[in-house]
Every structure is written in C-alpha cells, then in structure tokens.
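Please walk me through this structure as I would look at it in a viewer, telling me what to select at each stop and what I should find there.

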Amino acid sequence: GRFDPGPPAFEPHAGYPVMPPEQAEQKVLMVYGLPPTMNCQHLFNIFCQYGNVLKCKVLLNKPSTAMVEMDSHQAAAQALRFLHEAPLLKGRMELSFSKHQTIVGGSGSSSSSLPDGTPSLVEFSASKNNDFSLSKEALKIALSLPRRSFTFITHRWILPRPR
C-alpha cells in the first residue's frame with residue numbers, strides 16, 4: 001500500500017510574517033533556527049514541495065541561518081505560509097522575506113564548504129528534481145503541511161512524537 005504520512009506535524013502559523021509593499025514580488029526567503037547539520041540539499045528537499053528552488057545558501061557567518069531563492073513570489077509565499085514556525089528536529093524554523101532580490105553566486109562561483117563537506121551555496125535551477133517545471137505536472141502537486149516524516153530523494157526520516 002501507499003505510505004500514509006499521518007497527521008500534520010503542526011498547524012500553519014496564522015500570523016506568518018506580512019511583507020511590506022516594497023517586497024510584493026520578493027522570492028528570496030531567510031530561514032532561521034536551522035540545526036547545525038543542515039545543508040543545501042536538505043533545504044532543497046524541504047522547500048521544493050512549495051515551488052521550484054533556484055538556489056540555497058547556508059550562511060557561514062550567521063549560525064543556523066540560510067537563504068532560499070524560489071522561482072516565483074507565489075512559491076516563496078507558499079513556503080512562508082506552510083513552513084514559518086514549523087518544527088524541525090529539536091527546534092522551529094522561522095522564515096521571512098529577505099531584503100535581497102536574488103542570492104548572488106551559483107555554478108562556477110567559489111563557495112565555501114560546510115562542516116559535512118558540501119558547498120554552502122548550491123544552484124538548483126536546472127535540477128530535474130524541481131517538480132514544478134512543467135505546468136501540467138505542477139497542477140497535480142497538492143501543497144500540504146509538513147509531516148512527522150520527511151521523504152528525501154534517497155532517505156526517509158521520521159520525527160519522534162512530542163511527549
């Protein structure tokens with residue numbers, strides 16, 4: 001049978017950050033409260049269910065912080081709505097729109113490495129794992145709240161239930 005992810009891990013935050021009018025087309029998100037083991041591939045796997053991810057950057061000078069650039073404002077707004085204050089391992093992610101219009105750098109730029117040896121900046125714009133590339137396929141994707149289990153491309157993690 002098909003795997004049932006169970007009930008949502010939390011309800012979306014009703015008071016998720018409201019963007020000022022000058023950020024009405026913003027597509028870059030700031031992500032706070034990340035565990036130290038988080039890398040760009042993990043971020044991609046979390047955010048790709050809300051739209052195409054163009055770039056991810058883990059900020060080495062700001063611990064537990066990253067930037068995620070989506071391909072549209074709508075995708076960024078959906079991720080913000082569904083993921084702001086979502087539980088992640090032993091903490092909660094906090095999201096807001098960035099003041100930056102894009103993440104600088106990408107393929108061919110020098111990127112520092114994270115403690116796990118992966119790059120701190122990864123470009124995903126050409127990734128075949130972006131599910132929203134074809135409009136017909138995008139219509140089949142139902143957005144949902146995060147669940148207690150995360151299905152990564154090659155791994156599935158199940159979070160413990162709160163006590």
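Which residue of β6 stands opposite methionine 30? Select methionine 30 and look across to β6, where the residue standing opposite is serine 96. Please keep in mind throughout the tour that this is a predicted model.

**The whole chain**

Before going further into the strands, colour the protein by secondary structure, which shows three helices and nine strands. Read along the sequence, these elements follow the pattern β-α-β-β-α-β-β-β-β-α-β-β. The protein has 163 residues, of which 40% count as buried. If you display contacts between residues with a separation of 6 or more, 68% of them are accounted for by residues 24 or more positions apart.

**Strand β1 and its two partners**

Now select residues 28-32, which form strand β1, a mostly covered strand in which four of the five residues are buried. Strand β1 runs antiparallel to β6, and four bridges join the two. Within this pairing, leucine 29 has phenylalanine 97 of β6 as its bridge partner, while methionine 30 faces serine 96, as at the opening stop. Strand β1 also pairs with β3, again in the antiparallel sense, over five bridges, and here you can select tyrosine 32 to find threonine 65 of β3 standing opposite.

**The two faces of β6**

Select residues 94-97, strand β6, and show the side chains, which alternate along the strand. Leu95 and Phe97 point to one face and are buried, whereas Glu94 and Ser96 point to the other face and are not buried.

**Glutamate 69 in β3**

Move next to strand β3, residues 65-70, and select glutamate 69, which has its place in this strand. Glutamate 69 is buried and yet has no salt bridge, the nearest side chain of opposite charge being that of lysine 27, 4.0 Å away. What the side chain of glutamate 69 does reach is the backbone nitrogen of isoleucine 103, at 2.9 Å. If you display the residues that glutamate 69 touches, leaving out those up to four places away in sequence, you will find several parts of the chain represented, including Lys27 and Val28, Asn52 to Lys55 by way of Val53 and Leu54, and Gln101, Thr102 and Ile103.

**Helix α2 and the turn-off after it**

Select residues 73-83, helix α2, and show its buried residues, which are His73, Ala75, Ala76, Ala79, Leu80, Phe82 and Leu83. These buried residues pack against β1, α1, β3 and β6, so that adding those elements to the view shows what surrounds this side of α2.Just after α2, select glutamate 85, which takes a positive phi of about 65°. Most residues other than glycine have a negative phi, and this makes the backbone here worth displaying. Glutamate 85 lies in the loop between α2 and β4 and is partly exposed, with a relative accessible area of 28%.

Continue to leucine 89, in the loop between β4 and β5, where phi is near 55°, again a positive value in a residue other than glycine. Leucine 89 is partly exposed, with a relative accessible area of 45%.

**The cysteines**

How many disulfides does the structure hold? Select the cysteines and show their sulfur atoms: the structure holds zero disulfides. Cysteine 40 is in no disulfide, and the nearest cysteine sulfur, belonging to cysteine 56, is 5.5 Å away, beyond the 2.5 Å within which a pair of sulfur atoms would be counted. Cysteine 40 counts as buried, at 1% relative accessibility. Cysteine 48 is likewise in no disulfide, and for this residue the nearest cysteine sulfur, also that of cysteine 56, is 9.4 Å away. Cysteine 48 is buried as well, with a relative accessible area of 11%.

**Last stop: serine 113**

Finally, select serine 113, which is found in the loop between β6 and β7. Serine 113 is partly exposed, with a relative accessible area of 49%. Add leucine 60 to the selection: the two residues are 53 apart along the chain, and their C-alpha atoms are separated by 8.9 Å. Leucine 60 is also among the residues in contact with serine 113, together with Thr118, Pro119 and Ser120, once neighbours within four places in sequence are left aside.

Notes. Residues numbered from 1 in each chain as written. Predicted model: local features only at pLDDT ≥ 70, side-chain atom pairs only at ≥ 80, totals over all residues. Heavy atoms only, no water. Buried < 20%, exposed > 50% of the residue type's maximum accessible area, 1.4 Å probe, protein only. Pairing = 2+ DSSP bridges. Contact = heavy atoms within 4.5 Å. Lys, Arg positive; Asp, Glu negative; His and termini not counted. Polar contact = N/O pair within 3.5 Å; in protein donor to acceptor, adjacent residues only side chain to side chain.
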